[in-house]
Amino acid sequence: MKRAYASVASEISGKISKRTDNISLVNEDYNIGVHCRNTGKNKSFVTIVVAHRTSFKEAKGVALNIRGGIKSGINE
């Protein structure tokens, strides 16, 4: 969850809502949701949903950047 929060915060500005297994951000242009599910044995699944008001390419780029940040942990 720390990596997901840091990755979302580094990509888009706005108020981030953090719960036990969800992170969400909504601003004028983006709706972002990240759900993390721990499956045990040091494995987890992450679902990233990004919607942009006008551009699919922008949303896709942000989703890929968030995924990369979560994988690498570079934004922590």
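## The main pocket

Strand E4 gives the most to the lining of the largest pocket, chipping in 4 residues. Keep in mind that this is a predicted model. E4 (43–52) has company: helix H1 (2–11), strand E3 (30–40) and helix H2 (56–72) each supply at least two residues of that lining as well.

So what do you find around the middle of the pocket? Of the 16 residues that line the largest pocket, Met1, Cys36, Ser44, Val46 and Ile70 lie nearest its centre. By type, the lining of the largest pocket splits into 7 charged, 6 nonpolar and 3 polar residues. As for space, the volume of the largest pocket comes to about 380 Å³.

## Ser7 in helix H1

Now for one residue in helix H1, namely Ser7. Is Ser7 buried or exposed? Ser7 counts as buried because its relative accessibility is 0%, and the cut-off for buried is under 20%.

The side chain of Ser7 has a partner for one of its polar atoms: the backbone oxygen of Arg3 lies 2.8 Å from that atom.

## Around the rings

How many aromatic pairs are there? The count comes to 0 aromatic pairs. In general, a pair of aromatic rings is described by the distance of the centres and the angle of the planes.

There is still a ring worth a look, that of Tyr5. Lys18 lies over the face of Tyr5, 5.4 Å from the ring centre.

Note on methods:
Residues are numbered from 1 along each chain as its sequence is written. This is a predicted model: local features need pLDDT of at least 70, side-chain atom pairs count only at pLDDT 80 or more; totals for chains, interfaces and linings use all residues. Side-chain values use heavy atoms; hydrogens and water are left out. On a 1 Å grid over the protein atoms alone, a cavity is a set of points where a 1.4 Å probe fits but cannot get out, and a pocket is an open set with protein on both sides within 12 Å along at least five of seven lines; lining residues have an atom within 4 Å of a point. Grid points are joined across faces, edges and corners, and a volume is the space filled by probe spheres set on the points. Ala, Val, Leu, Ile, Met, Phe, Trp, Tyr, Cys and Pro count as nonpolar, Asp, Glu, Lys and Arg as charged, and the others, Gly among them, as polar. Rings of Phe, Tyr and Trp (its six-membered ring) pair if their centres lie within 6.5 Å; planes under 30 degrees apart count as stacked, over 60 as edge-to-face and the rest as tilted. A charge sits over a ring if NZ of Lys or CZ of Arg is within 6 Å of the ring centre and within 35 degrees of the ring normal. Buried means under 20% relative accessible area, exposed over 50%, partly exposed in between (1.4 Å probe, protein chains only). A polar contact is a pair of N or O atoms within 3.5 Å; within protein, one must be able to donate a hydrogen and the other to accept it, and residues adjacent in sequence count only if both atoms are side-chain atoms.
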